[in-house]
Amino acid sequence: MLTKLAGAALLFTLIPQAAFAAGDIGGATMGVAWALPFAGMLLSIALGPVLFPHFWELNYGKFAAFWAVLVVVPLLLFRGFDPALGALLHTALLEYVPFIILLFALFTIAGGILITGNLHGTPATNTVLLAIGTLMASFVGTTGASIIMIRPVLRANDARRFNVHVVVFFIFLVSNIGGSLTPLGDPPLFLGFLRGVSFFWTTTHLLPETLFAVAVLLAVFYALDSWFFRKEENYPPLRDPTPDRAIKLFGKVNILLLGGVILAILMSASWKPGVAFTIHGIAVEWQNLVRDLALLALAGLSLVLTPKPVRAGNEFSWGPIKEVAKLFAGIFACIIPVLAMLQAGKNGAFAPLVALVSNADGSANNTAYFWLTGALSSFLDNAPTYLVFFELAGGDAKALMTTGALTLTAISAGAVFMGANSYIGNAPNFMVYAIAKDRKVAMPSFFGYMLWSGAILIPLFLLETLIFFR
């Protein structure tokens, strides 16, 4: 590792150096080499679980630390202590910590909601279950909705010979597209909220695109599920391992706690006392601190008030949130120079990318924003991908919510919708895949799943482009 670090340090000495103020790391003077750790971090996340899953599971934290060191050490050496510390504190205090606290709260509270019982997985029942999960995703997050709904959906269909398509559409709708309507729904949208995008802006501006996508997918699912359901009549019935019985909901107190999460987020957006405390020039506003403390308190209440058998029924463990915390620590560290370079616009190393998403007259090419954000979100984590294109579009939330509204809509839709294109596009996808496979569902391989998404989602996204993003 020391040899690699020495090589990286030598590489960065080729980059012009200057004196920078605290927090200013001089994005306009940075070469493309500064983006390599970010690329390495994202590729590790994309390929590690697929190529060497056991090794990755044991060492993902070391991967994250390695790539982060390749950014932090050169920042300290070649940009100066104060600028590097300022940039790191800005990212940690204003983005990483609030981001992880929200995910932790949603993960903890959603993990305390358990649905037991069983329904018969008819096409109508399955369509209703998917619709409920899709709606739920914008309020408890795609991960939370997936945790709550996947087992009831699997139980409803465990006597079906053909049930793979049910899980595939579950990933499309519940684990991805359903999280489009609030910052609670999917991590990219909460990052936008932290950057200044108002809470309900997402609800109003992504509503037409989301309703269209959901309506088309539910209609296609119902038709496909009906065809498979009729096809099963030609086979002898399978024994139902979970016979139909009444649906029961446990952990109801967590529904109230989820309401508290929404109120805490809305409070931080509307209450502006004008008070902040400063660390090395980084101002942490009082309303954001109160929000984060409230979210931690709500998560603590969930742990105290939820009976242990309820969490056991959801097979709840802290492993997923630990992995998210470690990996995103690496991502947020590695993205610091990338965002600084994007802020430099045409004067920075990413000038070709700026040209790619711009029309001849300099206006934003919204089709390009939708597809480029989506293409990267299909295989890399959609949260940092959203940040990259948010900055590429100017990074000014007020401007993007008004004159640049269609551009921000295209970026948001691309990041959230196209996370469904592969198992690794969004965190819940692989979780749902693993749970379904453990329940003996013959889930498609990595590329087999992409045949499903390519045949169903790509035509849908082309229609979205023609209708909304031209």
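## Report on a predicted helical model

The place of T91 is in helix α4, which spans residues 81-110. The model described here is predicted, and T91 is buried in it, with a relative accessible area of 10%. Leaving aside its neighbours within four places in sequence, T91 is in contact with Y96, F332 and I336.

**Overall form**

The protein contains 19 helices and four strands. Its radius of gyration is 23 Å, close to the 23 Å that the globule rule gives for 470 residues, so the protein is as compact as a globular protein of that length. Taken along the principal axes, the C-alpha atoms fill a box of roughly 75 × 50 × 45 Å. Buried residues make up 53% of the 470 residues, and among the contacts with a separation of 6 or more, 81% are accounted for by residues 24 or more positions apart.

The protein exposes about 19700 Å², of which carbon and sulfur atoms supply 71%. As for charge, there are 26 positive and 22 negative charges, and the mean positions of these two sets are 7 Å apart.

**Helix α2**

Helix α2, residues 36-51, bends by about 30 degrees at I45, and a proline, P49, follows within four residues. Both I45 and P49 are among the buried residues of α2, a list that also includes P37, F38, G40, M41, L42, S44, A46 and G48. These buried residues pack against four helices, namely α3 (53-78), α12 (319-343), α14 (366-379) and α15 (382-392).

**Selected residues**

The table sets out the location and relative accessibility of four residues that lie outside α2 and α4.

| Residue | Location | Relative accessibility | Class |
|---|---|---|---|
| G196 | loop between α7 (187-194) and α8 (199-231) | 39% | partly exposed |
| H280 | loop between β3 (276-279) and β4 (282-285) | 31% | partly exposed |
| L298 | helix α10 (286-305) | 13% | buried |
| E315 | loop between α11 (308-313) and α12 | 49% | partly exposed |

Which backbone angle is positive in H280 although it is not a glycine? The angle is phi, with a value of about 50 degrees in H280, and E315, which is not a glycine either, has a positive phi of about 55 degrees. Most residues other than glycine have a negative phi. H280 lies in the loop between β3 and β4, while E315 lies in the loop between α11 and α12. With a relative accessibility of 49%, E315 counts as partly exposed, because the exposed class begins over 50%.

L298, in helix α10, has a relative accessibility of 13% and therefore counts as buried, the cut-off being under 20%. Leaving aside neighbours within four places in sequence, L298 is in contact with I109, L257, G260 and V261. L298 and G61, by comparison, are 237 residues apart in sequence, and their C-alpha atoms are 27 Å apart in space.

G196 sits in the loop between α7 and α8, and at 39% relative accessibility this glycine counts as partly exposed. Its contacts, with neighbours within four places in sequence left aside, are to A397 and M401. G196 and A269 are 73 residues apart along the chain, and the C-alpha atoms of the two are separated by 8.7 Å.

Definitions and conventions
Residues numbered from 1 in each chain as written. Predicted model: local features only at pLDDT ≥ 70, side-chain atom pairs only at ≥ 80, totals over all residues. Heavy atoms only, no water. Helix = DSSP H or I, 4+ residues; strand = E, 2+ residues; numbered from the N terminus. Rg over C-alpha atoms; globule rule 2.2 N^0.38 Å. Buried < 20%, exposed > 50% of the residue type's maximum accessible area, 1.4 Å probe, protein only. Contact = heavy atoms within 4.5 Å. Areas by Shrake-Rupley, 256 points an atom, 1.4 Å probe, with all protein chains shown as cover. Lys, Arg positive; Asp, Glu negative; His and termini not counted. Charge placed at Lys NZ, Arg CZ, Asp CG, Glu CD. Bend = angle between axes of the 7 residues up to and from the residue.
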